[in-house]
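User: Please take a close look at one part of this model, the small sheet and the helix that packs on it. Then set that part in its surroundings.

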Protein chains: 2
Amino acid sequence: MTSPLGLLSGHAARQTVLPIVRPTFPDIISFADDLQHALATGQVTNNGPHVQAFEAELSAYVGTPTLAFSSGQAALMTMLAAVDVRGREVIVPSFTFCATPHAVAWAGGTPVFADVDPRTLTLDLGEVERLITPRTAAILGVCVYGIACDYDGLQALGRCYGVKVLYDSAPAFGTRVAGRPIGGFGDAQIFSFHATKAFATMEGGALITNDPALLARADALRNFGQRQGRAWGAAGLNGKMPEIAAMIGRRQLPHFDDALRRRLEVAVRYRDALGRLPGLAFATPPAGQEPIWLYFPVRIDPHGFGLSRDDVATALAADNVLCRKYFDQPCHLMPAYRNGTSRRLPVTEAWTTDVLALPVYNDQTDEEIGFIVERIEAIHAQAAEVQRHLRATVA
Amino acid sequence: MTSPLGLLSGHAARQTVLPIVRPTFPDIISFADDLQHALATGQVTNNGPHVQAFEAELSAYVGTPTLAFSSGQAALMTMLAAVDVRGREVIVPSFTFCATPHAVAWAGGTPVFADVDPRTLTLDLGEVERLITPRTAAILGVCVYGIACDYDGLQALGRCYGVKVLYDSAPAFGTRVAGRPIGGFGDAQIFSFHATKAFATMEGGALITNDPALLARADALRNFGQRQGRAWGAAGLNGKMPEIAAMIGRRQLPHFDDALRRRLEVAVRYRDALGRLPGLAFATPPAGQEPIWLYFPVRIDPHGFGLSRDDVATALAADNVLCRKYFDQPCHLMPAYRNGTSRRLPVTEAWTTDVLALPVYNDQTDEEIGFIVERIEAIHAQAAEVQRHLRATVA
């Protein structure tokens, strides 16, 4: 016997909130001595010993040289500046967090928006190829929700047309392809370690590349364009990771594979259970890929399911399940970019209208998954009442 | 009887190093409970309660609305983007850390370098006025070493020519003018709270402005251009201060006036003692100004003093006094900018050739100041031997 829907009863069926993200951090005890030492000596930033050790550990984990950053966005801006996209175009998806095109704009480039593949939600290769012109500096793929891009396909396009291939993998640290953590695909790849990510250092990020020249440029750019105390020929910024973030990252890394395993289980359970309901569609990563599933995206067809995405989100929130309409605003229609193109991006626009991101935690319990699934089933079963209630509320 | 010079004896006259900066941070015990709570709840960033409280406390301290940032550079880039300098010129000093022109470049503007006043080392008003054209978007003054710019003079120029007046006061948080902490001068003013600064949050910074519209734009820009979950019409970045930085800043603020007092004493002692030696010149802040003195800059005339700046720095380092040739590379001659102008900046070029920055600490002891002064006196007294030794070493 399921509890009544909170939306209809006025009482949430769950007292404790299930937020959209629930970060896991180490206890302060595990790094207190290191932090106290850093505070006492004043060595709290500027490529200190913990950042250096963290970079070595990250490099070993992904198998590719890694630079730590203050944030994923600082890494992304630095990557684009290291390639130098000034005055040129960068092909990006619109189905991404706005950080992606914003970084292109800061780096002096123009984002050109491509539609995504309806199954993987990553860049559509045919779209990308059509958008490549002599003005194109780079393709910037996004590993949305942690789903890896078609690395081979984009690499082939980049080689064929002589453009750089870069990855904004902000959501995707930990995703595995063919059993190995991603990192070092394309000319360079960045990750975010923000608190909302599966692997979190509070704020933080990384740039990973097999290109020694690009690595050296990025290393200078993240420190105001300076290396060995001298100015390098480009405008750098402050992308330095503080020691405290590296201390936390170093405590996270040894346990991180457990988080990936759990998140994969959560996604399988969501998909198996929700796949029985009509009107729901899911992203389908290519075979052999294990995404970190930053969230679990569900596309809700109002006709098939009986309720719109917005109505489902409202009903879930009334039972303290806080999902996210992510991404409900495609980048190409944002005020900063909508004058740039009149192109329609049908897949992107359909997903942004209908997508609901369900929470995935590193430590999600079976009970929590079961509750979320059961609530969605109950909302579907009482779709007519939910709709009546919401219409009455609005009126 | 003074000890022999380490350079000549081969033995440093002081065992413990006096570094160029010696940051002071609170003990971890003073914020451990807050940090553990943040880690346990996951609320470690994204405008959390400690950042909000820190902003309120900073606003009260300077008497002007304040936004906290991840770094001074993020605040600076955001300030320039909030004003929107894309495709236009920004008049900046060349006698500054390269972060200043780099931020202008990131924001899509062109830095135009002006010379500085030989006494205050801040922007020369006559120079600025000559460089204003219809392409000028803003004047960006720098409060170098913590010396406040001529706020009234620059404000008058800005008003007269209709250009924005902004301040990169990265080194200068705590400086007082007419007895009050600076902040809120011009259209907006930024500060750095980097570990090298007198007021430090590890990494951090702030933007301070009396203009509510500029404040709202900056608030959105530091969060990817988003406010209330919707996109604003410009490319934002990630300028968010993490909670840990705000926790530390909140512990620093109540004691900070003690630091200012001590730093003023250090500067007076340096100036009084070193003023007796020939060939040394000092910056002269306007009357009524109490700079935070990030460093104490001394200009060394090789003819008057008997040794060049580089020789003095080498001799001091041999006695474990680590000064900084700051700034030895003027921005207008850096690879990123030297094609932009063929103008000479005589005051800037003279100071960059001859300036040595002496350490100033929040907790500098009389003994430490005395030792540094005494070493400089000894180096001067033995200038001929020092020069012979250095020539022999090179040869």
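Analyst: The answer starts with the sheet and works outward.

This is a predicted model, where local features need pLDDT of at least 70, side-chain atom pairs count only at pLDDT 80 or more, and totals for chains, interfaces and linings use all residues. Residues are numbered from 1 along each chain as its sequence is written, while chains are lettered from A and ligands numbered from 1 in the order in which they are written.

The sheet is open and has 3 strands in chain A, in the order S12-S14-S15, with antiparallel pairing. Strand S12 (280–282) and strand S15 (355–359) of chain A are its edge strands, and each pairs on one side only. Neighbouring strands are turned by 35° against each other on average, direction ignored. Strands (E, at least two residues) and helices (H or I, at least four) are DSSP runs, numbered from the N terminus. Two strands pair if DSSP finds at least two bridges between them.

Strand S14 (residues 295–300) of chain A runs antiparallel to S15(A), and 5 bridges join them. Arg299(A) stands opposite Val355(A) in S15(A). Helix H12 (residues 309–318) of chain A packs on this sheet. H12 touches S14 and S15 of chain A, and its direction makes about 25° with that of S15(A). Contact here means C-beta atoms, placed from the backbone, within 7 Å. Axes are lines fitted to C-alpha atoms, for helices over the stretch in contact, and angles run from 0 to 180 degrees between N-to-C directions.

Next, the helix pair in chain B. The axes of helix H12 (residues 309–318) and helix H15 (residues 383–394) of chain B come within 11 Å and cross at roughly 90°. H12(B) and H15(B) are therefore roughly perpendicular to each other. That label covers 65 to 115 degrees; angles under 35 count as roughly parallel, over 145 as roughly antiparallel, and the rest as oblique. Asp311(B), Thr314(B) and Ala315(B) in H12(B) meet Val386(B), Gln387(B) and Leu390(B) in H15(B). By class, the residues of this contact are 3 nonpolar, 2 polar and 1 charged. Nonpolar means Ala, Val, Leu, Ile, Met, Phe, Trp, Tyr, Cys and Pro; charged means Asp, Glu, Lys and Arg; the others, Gly among them, are polar.

Back in chain A, Ala392(A) is found in helix H15 (residues 383–394). Ala392(A) is exposed, with 8 other C-beta atoms within 10 Å. The cut-off for exposed is 12 or fewer such atoms, for buried 20 or more, and for partly exposed in between, with C-beta atoms placed from the backbone. Ala392(A) and Val312(A) are 80 residues apart in sequence and 16 Å apart in space, C-alpha to C-alpha.

Now the domains. Chain A is assigned domain 1 (6–21 + 256–394) and domain 2 (28–254), with bounds from an automatic or database domain assignment. Their centres, taken over C-alpha atoms, are separated by 27 Å. In the contact, 32 residues of domain 1 of chain A meet 33 residues of domain 2 of chain A. On the domain 1 side, helix H10 (256–274), strand S13 (289–290), S14 and helix H13 (346–354) of chain A give two or more residues. H13(A) gives the most, with 5 residues. This side has 22 nonpolar, 8 polar and 2 charged residues.

Note on methods:
Two residues are in contact if their C-beta atoms, placed from the backbone, lie within 7 Å.
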